[in-house]
Amino acid sequence: MSQHVIRDEPARVPLIYNPRVRGIVFQVLLVALLALGVWWIVDNTVENLRRSNISTGFAFLRGRAGFDISDRLIEYTSDSSFGRALLVGIANTLVVAAAGIVTATILGFLIGVGRLSNNWLIRKLATVYVEVFRNIPPLLVILFWYQGVLAVLPSVRDSLSLPFGSYLNNRGFYFPRFVWGEGTGLILAGFLAGVALSWYVARRARARQMATGERFPVLWTSVALIVGLPLLAFFVSGMPVSVDYPQKGTFNLTGGTNIKPEFLSLYLALSFYTASFIAEIVRAGIMGVPRGQTEAFSALGIRSRDGMRLVVIPQALRIIIPPLTSQYLNLTKNSSLAVAIGYPDLYAIGGTILNQTGQAIEVVVIFMVVYLSISILTSLFMNWFNAKMALKER
Amino acid sequence: MQEHSMSFVRTEMTPATAAPRSQAGIGAWLRKNLFSTPLNSALTLVALLILAWAVPRMLNWLFFDAIWVGADRTACLTTEQGGELPAGWSGACWPFVTSRFGQFMFGRYPLDERWRVMLTGAIFVALLVPLMIPRIPWKRLNAALFFGAFPFIAYFLLVGGVFGLRYVETSLWGGLLVTLVISYVGIVVSLPLGILLALGRRSHMPIVKLLSVVFIETVRGVPLVTVLFMASFMLPLFVPPGMTFDKLLRALIGVALFASAYMAEVVRGGLQAIPRGQYEGADSLGLGYWQKMGLIIMPQALKLVIPGIVNTFIGMFKDTTLVLIISMFDLLGVVKQNISGDPTWATPQTAKTGYIFAAAIFWIFCFGMSRYSIWMERRLDTGHRR
Amino acid sequence: MKKFVTGILGSAALALSASAASAATLDDVKAKGFLQCGVNTSLAGFSAPNDKGEWTGLDVDFCRAVAAAIFGDGEKVKFTALSAKDRFTALQSGEIDILSRNTTWTINRDTALGLNFAGVTYYDGQGFMINAKKLPGVNSALQLSGASVCVQAGTTTELNLADYFSANNMEYNPVVFEKFEETNAAYDAGRCDAYTTDQSGLYAVRLQMSSPDDHVVLPEIISKEPLGPSVRQGDDQWFDIVKWTYFALLNAEEAGITQANVDEMKNSTSPDIRRLLGSESETKIGTDLGLSNDWVVNIIKATGNYGEIFERNVGTGSPLKIARGVNALWTKGGLQYGMPIR
């Protein structure tokens with residue numbers, strides 16, 4: 001605004017009071033100062049590294065790691081490279097973050113809806129949950145789950161037997177694993193076909209409803225297709241799936257799948273903690289939809305459940321998604337607290353590598369790049385989802 | 001005037017009758033709030049079952065079965081673990097907390113100097129409480145003392161080395177003291193810094209804007225532990241040899257920078273909510289940039305985002321626990337150290353007892369802050385928003 | 001607003017103790033007035049704070065010895081507790097002047113990490129400890145196939161463990177923690193079947209368990225773990241001071257100089273002892289190092305000789321009760337061999 005005035009009467013304003021000139025001068029000074037600071041830091045770092053004979057660069061990533069990692073999703077042995085160890089760490093971070101996000105979202109939605117329930121008891125319980133968990137540091141929740149709960153679980157010898165041949169002890173949760181034999185491709189094909197058919201049915205049903213107003217039970221058909229087709233394939237191919245049950249070995253249970261207590265604690269703590277924030281976001285989102293909307297769909301004769309699904313939730317989502325994104329990012333970043341309980345996430349493995357190789361700067365750069373990329377990717381995805389959900393105005 | 005008796009009009013009040021039985025009393029309340037639909041009834045029953053299962057257990061563990069006095073771990077061990085309690089006993093081991101209470105509060109701060117910490121705490125409370133109660137006058141003076149003078153008083157009292165006070169190095173500090181020092185400094189530094197960053201992000205100067213955006217987004221994108229790691233172990237690599245910073249100071253810088261990025265985003269939200277007319281109005285009055293921001297925009301914007309600011313404070317207060325990852329001992333760090341590094345109180349119940357104690361303290365602070373912000377928000381709501 | 005910004009900046013500036021930049025660590029240390037020493041967070045016998053919060057242990061006493069050599073006062077030293085993971089970064093970055101944190105001397109650390117090891121203050125080897133009560137019948141590390149093993153991150157131990165199990169074709173589950181206390185707590189809670197670290201460490205850890213008598217150390221020693229103090233590369237004078245402090249401690253033990261008799265020994269007739277203690281006239285041994293000529297006297301007065309340090313912290317005078325074994329002087333069949341001071 002003020003710039004217009006100045007452009008009209010340049011003679012009146014001395015150069016020093018010209019906002020534009022001042023802006024440029026200020027910025028030039030800032031850049032100079034910043035460049036000086038960066039130069040100073042780089043110079044010092046180079047000098048310090050030279051003095052203590054530390055090599056720089058990322059060549060160390062090809063070196064043999066030499067240590068073992070217990071939780072790994074990709075092939076890794078102590079003979080693998082440091083780079084691969086980092087990949088294992090990144091994968092572990094992503095897994096715990098993804099699992100945490102899914103659980104926290106479900107739990108958060110349930111509790112958020114619970115806070116608005118017309119059931120007094122449920123409402124109060126949900127409130128207590130939210131107020132307890134969001135006012136306690138996440139690290140404390142993680143440590144509590146790990147050390148507090150670990151101490152209570154029995155040792156391997158006295159494992160708690162759970163249904164379906166699974167066990168719980170202080171080495172984690174053991175459950176049977178399916179071993180896919182010959183012909184499993186057919187089951188997968190059946191599943192994919194089921195998904196594709198359901199999608200097609202849903203499309204047709206919507207088109208038919210638009211055209212004729214008749215409705216079709218899409219949900220049940222889809223369930224039948226997605227569950228039924230693989231099941232059919234399973235029997236047709238002669239039941240090729242065998243189950244590997246966990247069994248007691250000398251020290252630990254062997255066989256089956258083992259979810260380690262480190263993962264369990266981190267995953268549960270992150271989910272429970274984040275769920276309390278998501279619950280508040282959900283509550284604010286639903287409350288943010290004007291009451292008139294509910295009254296309107298009731299007046300139109302839409303059933304309450306359909307009204308929620310078709311009218312209230314889509315509008316609430318618009319309010320919910322942006323803050324939900326930052327909760328997802330927080331959860332991902334909080335997964336770096338894994339280091340306190342020994343879950344080998346990116347930060348923990350990076351720290352070990354740093355210790356073996358002494359490449360502090362390089363490792364911290366890797367941390368920054370990976371976490372920033374995860375953040376940016378999550379933001380991009382949520383922005384896309386947000387745009388999809390946004391109000392389509394004509 | 002002749003009086004007609006209009007029998008169809010009552011002239012006297014009927015006595016009030018009680019509400020219908022179905023609409024009043026406990027029964028109605030129950031029906032309305034707990035058993036309105038079959039689903040609700042089921043939910044209520046499930047919730048009641050869970051409560052009936054959990055609450056007595058929790059109370060027993062926390063209070064009735066808990067051990068309150070003892071000299072060492074044998075007090076909290078069952079016979080099979082080498083103690084005297086009956087087998088299968090489980091309960092809180094409170095003597096662990098009482099015997100280590102001093103450490104939880106002050107860390108390894110020298111015993112005979114702890115009055116200095118308490119005095120600092122007393123001054124802090126004496127300045128903070130009147131600041132928080134709107135009815136008490138002299139707000140300006142109070143704020144100046146709290147934000148301007150108190151840091152110096154606290155610094156000299158806690159660190160010492162002057163006025164005959166013994167020098168206490170920060171590596172001896174610990175417990176709640178460190179938690180509060182980091183939070184106070186973080187709060188006091190991050191607010192102005194966050195405002196500057198938010199203004200920078202909305203600035204018309206491209207370079208200022210770019211730098212602010214890069215800073216804010218980078219800091220927000222990485223976990224605090226990496227920032228703390230850099231601050232605590234890599235800072236010396238960036239400065240000339242021989243130049244050292246106090247370890248606590250480095251954690252303070254890390255936390256404050258981290259919080260200011262979050263604060264900047266909150267403040268930016270407030271700035272965006274201020275109608276354009278306010279900016280134009282200020283311009284037309286001939287106010288300069290800082291006058292415009294300081295007198296017109298910021299007071300309105302900050303008021304709008306008080307909940308967000310307090311949430312950031314709460315988040316930062318909770319994040320102070322992360323300094324334990326860089327081997328500093330805040331409240332949680334000291335508790336954890338006493339749980340795992342010391343066999344005197346090594347029992348299966350120690351960890352839970354210690355963490356529940358720490359959780360209770362953190363919860364009181366955070367919950368207090370959030371309640372205060374809600375109350376403040378209501379008070380400040382001057383009706384501009386519909 | 002401005003007021004409290006300046007307030008904070010002011011207090012920050014006060015807390016910032018910047019000293020003149022210089023390449024010589026000795027000058028820096030003298031200017032600071034104290035030695036900054038990196039030690040373990042809590043490893044009984046090597047470095048652990050006692051009830052009064054004072055640091056004790058073999059690694060700690062070595063730092064006291066260096067401080068005494070420089071300042072003539074073994075108390076002019078500050079300790080930074082470091083996890084295994086942070087230790088090298090702390091030394092490289094100048095955070096500490098000397099790292100004395102049961103650190104194994106390896107070629108990788110000597111070269112790629114830019115460290116210089118001054119000597120071996122404790123010859124150790126890696127072993128395993130198990131809970132014999134829970135695992136009766138296990139009496140060899142070779143029976144540990146399939147076990148969960150607790151180990152500290154970023155140590156040579158972690159690497160040796162991987163090598164040992166793969167060399168013997170055994171499976172295992174590493175349970176890796178960043179901090180020593182976390183590893184202990186997890187092992188004590190039964191998270192792992194076995195605990196592995198240096199044998200000296202195992203004895204120390206055993207003392208910290210809730211029932212120490214249940215735990216046994218298995219006989220196998222799977223690696224060489226020479227533990228010693230290290231400094232940054234690029235400062236030969238500083239390296240010499242640390243190295244010769246170590247040799248002085250050994251030579252003093254060999255010559256029979258103890259904390260109790262050091263003042264009498266100054267007047268000894270033996271030229272070796274007189275030279276060691278700087279009581280020869282015209283001696284330049286101390287000043288050539290950049291120290292005073294009575295540096296060895298100061299060291300012995302502060303900490304005693306190597307044997308005294310050993311016995312007090314890990315030997316018979318301590319709860320650990322570790323025998324001298326290979327850590328005895330070369331004259332008694334051990335490996336500790338002090339280079340001649342002349």
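**View 1. The two domains of chain A sit with their C-alpha centres 41 Å apart.** In this predicted model, chain A is divided into domain 1, covering residues 2-51, and domain 2, made of 82-152 + 260-389. The predictor gives the whole complex an ipTM of 0.83 and a pTM of 0.82.

**View 2. Here chain A meets chain B, with 42 residues of chain A in contact with 45 residues of chain B.** On the chain A side, the elements giving two or more residues are helix H2 (19-51), helix H4 (120-134), helix H5 (138-150) and helix H12 (360-389). If you would like a place to start looking, try H2(A): the largest share of this side, 9 residues, comes from that helix. By residue type, the chain A side divides into 27 nonpolar, 13 polar and 2 charged residues.

**View 3. This close-up looks into the largest nonpolar core, which has 270 residues.** The residues with the most contacts inside the core are Leu140(A), Ile142(A), Leu228(B) and Val66(C). Helix H10 of chain B, residues 247-273, provides the largest share of the core, 16 residues. As background, nonpolar side chains tend to be buried together in soluble globular proteins.

**View 4. Leu228(B) is shown with its contacts from elsewhere in the sequence.** Setting aside neighbours within four places in sequence, Leu228(B) is in contact with Ala251(B), Gly254(B), Leu322(B), Val323(B), Ile325(B) and Ile326(B). Leu228(B) is also one of the residues with the most contacts inside the largest nonpolar core.

**View 5. Helix H10 of chain B is mostly covered.** Of the 27 residues in H10(B), 22 are buried. How far apart are the end C-alpha atoms of H10(B)? They are 40 Å apart, which agrees with the 39 Å that 27 residues should span at 1.5 Å a residue.

**View 6. Confidence varies among the helices of chain B.** Chain B averages a pLDDT of 83, and 95% of its residues score at least 70. Within chain B, confidence is lowest in helix H1 (residues 25-33), at a mean of 80, and highest in helix H7 (residues 175-201), at 90.

**View 7. Chain C has two assigned domains, and this view shows where they touch.** Domain 1 of chain C takes in 21-123 + 227-332, and domain 2 of chain C takes in 126-223. Their centres, taken over C-alpha atoms, are separated by 30 Å. The contact draws on 18 residues from domain 1 of chain C and 16 residues from domain 2 of chain C. On the domain 1 side there are 9 nonpolar, 8 polar and 1 charged residues.

**View 8. Two residues of chain C, Asn169(C) and Lys321(C), have a positive phi without being glycine.** Look for Asn169(C) in the loop between helix H6 (156-167) and strand E10 (172-177) of chain C. Its phi is near 55°. Is Asn169(C) buried or exposed? Asn169(C) counts as exposed because it has 7 C-beta neighbours inside 10 Å, and a residue is exposed if 12 or fewer lie within that distance. Lys321(C) lies in the segment after helix H14 (306-313) of chain C, and its phi is about 55°. Lys321(C) is exposed too, with 11 other C-beta atoms within 10 Å.

**View 9. Please read the start of chain C with care, as pLDDT stays under 50 over residues 1-22.** The model has 42 contacts beyond four places in sequence for this stretch. Where pLDDT is low, the predicted coordinates should not be read in detail. Chain C as a whole averages a pLDDT of 85, with 92% of the residues scoring at least 70.

Key:
Residues numbered from 1 in each chain as written. Chains lettered and ligands numbered in written order. Contact = placed C-beta atoms within 7 Å. Helix = DSSP H or I, 4+ residues; strand = E, 2+ residues; numbered from the N terminus. Nonpolar A, V, L, I, M, F, W, Y, C, P; charged D, E, K, R; others polar. Domains from an automatic or database assignment. Core = buried A, V, L, I, M, F, W, Y, C linked by C-beta atoms within 7 Å. Buried ≥ 20, exposed ≤ 12 C-beta atoms within 10 Å, placed from the backbone. pLDDT = per-residue confidence, 0-100. Expected span 1.5 Å × (residues − 1).
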